[in-house]
Structures are given as C-alpha cells and as structure tokens.
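Subject: Structure handover and what was found in it

Dear colleague,

I am passing on the structure we spoke about, with the sequence alongside. Please have both open while you read the notes that come after them.

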Amino acid sequence: MNATLKLQQAHRSIRSYTDEPVSDAMLDAIIAAAQRAPTSMNMQEISLVVVRDAGRRARIAEMAGSQPWIAQASVFITVVIDFHKTDLGVRKAGLAQLIQESMEGFGVAAVDAGIVLANLMLAAQSLGLGVVPIGGIRRDPQGMIDLLGLPPLTFPLVGLCLGHIAHDAPQKPRLDSRTFRHDERYDASGYSAAIDVYDETLKHHWREVTRSQGLPWSEALAARLHSVYFPQVKPVAAMQGLLNDK
Ligand SMILES: Cc1cc2nc3c(=O)[nH]c(=O)nc-3n(C[C@H](O)[C@H](O)[C@H](O)COP(=O)(O)O)c2cc1C
C-alpha cells in the first residue's frame, strides 16, 4: 500500500489537541492543497475562513453545541458556500445569478465543499496533524455568519478543527463494505443483517474505548434523524439568498 492509501486507511477523527500552534508553512501548504480541488464548472464557489484566535474559537465551540475540541485545536477552518464570489463574475458578464436559489445550487456547492474538506483533511493528516470535521456549526448558522462577517449569498456549511494531537483516537469500525460498494447494480438485500452485526460491533467498540454511554448505530441514528436536527439551516440559508426552492 502506498503512503496516501495508508493515510486514508488510518483515518480517525481526533478530539484531543495540544496548544502547540500549527505553523504558517503547514497551514499555507494545507490550504494550497485544498484550493487545487476540482470544482464543478470551475465555479470555485467555496471559500475558507481560517480562525486561529482562541477567543473566537471558544465562541465557535459554544455555538456548535459545546464541542471543547474546537477551542482546543489551534486552527478552525470554516468551509463557506460562496455564491457572492460567483455573483460578481455573473454580474460582470451582464446577467443576474439565479443558481443560489435552486436545489442544484445547494447540491453542487455541498459536493464541492466536501471535496475541499477532504483535501484539507488529507493534507493536514499527511503532516501528522489531527483533524475532525464540524457540522455542528450549522446549529447556529446566523451566529457563524455574524462572527465571520459573511455577506449575503454565502453560507457556513461545515468546519474543520486541525491541530497537533494530544491523545490519539482508536479507529471507529464501519458497516460491512457490502453496504457501501455495489457492483453493476444496487443491492440492499444484506443491509438489515449488516446493521444487526454493526450494532453489536459498535457496542463492543464503545466498551473498548470506555464510552459506556455510546449507542449502537441504529439507536444513535434514530436519536438524530427522527427530526431536523439543525432547524436553523433552511431559514438562515433563505435569509442569505440561498432559497433552495427551484
Ligand atoms: C461533515 C461532517 C460533520 C461532522 N461533524 C462533527 C461534529 O460537529 N462534531 C464532532 O465531534 N464530529 C463530527 N464529525 C465527525 C464524525 O462524527 C466522524 O467522522 C464519525 O463518527 C466517524 O468517526 P471517524 O471519523 O473517527 O472514523 C463530522 C464528520 C463529518 C464528515
């Protein structure tokens, strides 16, 4: 296995960081790798806001639902959908941009944001840093918009903690690969059995890592997915001009 594959296979989210700063050289290299990500139609509708200030990271940690690793890790990067940037280009060419009001617009931006996020993570991990993505910023998107000074036509989609690792984390097991990879045709016939097995695997994992309050997969999902867990996304995105109604 080559070094890249090894790194990807070794992925685990890190939630314990030292206060050692990430050097400017490391951060610049990580962000340059992320900017090279492919982007739909060369739109480049993703921007990053880097927060290193401890007070601002502590504020984000609270807004994201009390996630102390955000205050701990020395860098927090917000991945922003930025249709403000593209709007300037469209206006320059003499037309009015509409894509931000469509489901296609939100979808395409979410895909591009995910690729940027993945590039950020792999680059950081290749330098020996730890990372954990933070969707929790969508708990209070207006708070993030105010803190980061985001203009209309933008939305803070996901964040990333990165920093030097204090305590490493064990890898979290995944569902059987047959629930992930399908050859030629989709086949969900093994899903229920795989979920039964995985619930037991995860229970065992939580015992191993002494997190007795950890839930089996199906129960953890049910606790989150029976409601819209971040209800502010739709109204705040709409106020930003990302209507998602076309
Ligand atoms: C888009 C995205 C958002 C996430 N948001 C959070 C978060 O807000 N807080 C957190 O602690 N972990 C978050 N995670 C990390 C997941 O919980 C983690 O990836 C998952 O439990 C699998 O564990 P692993 O990454 O260690 O393999 C997020 C992951 C992704 C991809």
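The notes below cover the sheet, then the surroundings of the ligand, then a pair of helices and two loop residues.

Please keep in mind throughout that this is a predicted model.

The sheet is a good place to begin. It is an open sheet of four strands in the order S1-S2-S4-S3, and the pairing is antiparallel. Strand S1 (46-51) and S3 stand at the edges with a single partner strand each, so that one side of each is left without a neighbour in the sheet. From one strand to the next, the twist averages 25°. As general background, the strands of a sheet pair through backbone hydrogen bonds, in either a parallel or an antiparallel manner.

Going along the sheet in that order, S1 pairs with strand S2 (residues 75-82) in the antiparallel sense over six bridges, and within this pair Ser-47 stands opposite Val-80 in S2. S2 is in turn joined to S4 by eight bridges, the two strands running antiparallel, and here Phe-76 is found opposite Cys-161 in S4. Finally, S3 and strand S4 (residues 154-163) are paired over five bridges, again in the antiparallel sense; Gly-130 stands opposite Gly-163 in S4, while the bridge partner of Val-132 in S4 is Cys-161. If you follow Cys-161 in the viewer, you will therefore find it opposite Phe-76 and also as the bridge partner of Val-132.

How much of these strands is covered? For S4, 10 of the 10 residues are buried, so this strand is largely enclosed by the rest of the structure. S3 is mostly covered, with four of its five residues buried.

S3 also leads to the ligand. The ligand is surrounded by 13 residues, of which the closest are Ser-13, Pro-133, Gly-135, Gly-136 and Lys-172. Strand S3 (residues 130-134) supplies the largest share of this shell, namely three residues. In character the shell is mixed, as its residues divide into five nonpolar, five polar and three charged.

Turning to the helices, the axes of helix H3 (residues 54-63) and helix H7 (residues 141-148) come within 10 Å and cross at roughly 165°. An angle over 145 degrees counts as roughly antiparallel, and that makes H3 roughly antiparallel to H7. The crossing of H3 and H7 is left-handed.

Two loop residues deserve a look at their backbone. Most residues other than glycine have a negative phi. Ser-66, although it is not a glycine, has a positive phi of about 55°; its place is in the loop between H3 and helix H4 (68-72). Is Ser-66 buried or exposed? With 10 other C-beta atoms within 10 Å, Ser-66 is exposed, since a residue counts as exposed if there are 12 or fewer.

Glu-184 is the second case: its phi is near 70°, a positive value in a residue other than glycine. Glu-184 lies in the loop between S4 and helix H8 (191-208), and with 5 other C-beta atoms within 10 Å it is exposed.

With best wishes

Technical notes. Residues numbered from 1 in each chain as written. Predicted model: local features only at pLDDT ≥ 70, side-chain atom pairs only at ≥ 80, totals over all residues. Near = placed C-beta within 6 Å. Nonpolar A, V, L, I, M, F, W, Y, C, P; charged D, E, K, R; others polar. Buried ≥ 20, exposed ≤ 12 C-beta atoms within 10 Å, placed from the backbone. Pairing = 2+ DSSP bridges. Axes fitted to C-alpha atoms, helices over the stretch in contact; angles between N-to-C directions. Parallel < 35°, antiparallel > 145°, perpendicular 65-115°, else oblique. Left-handed = near helix turned anticlockwise from the far one by under 90°.
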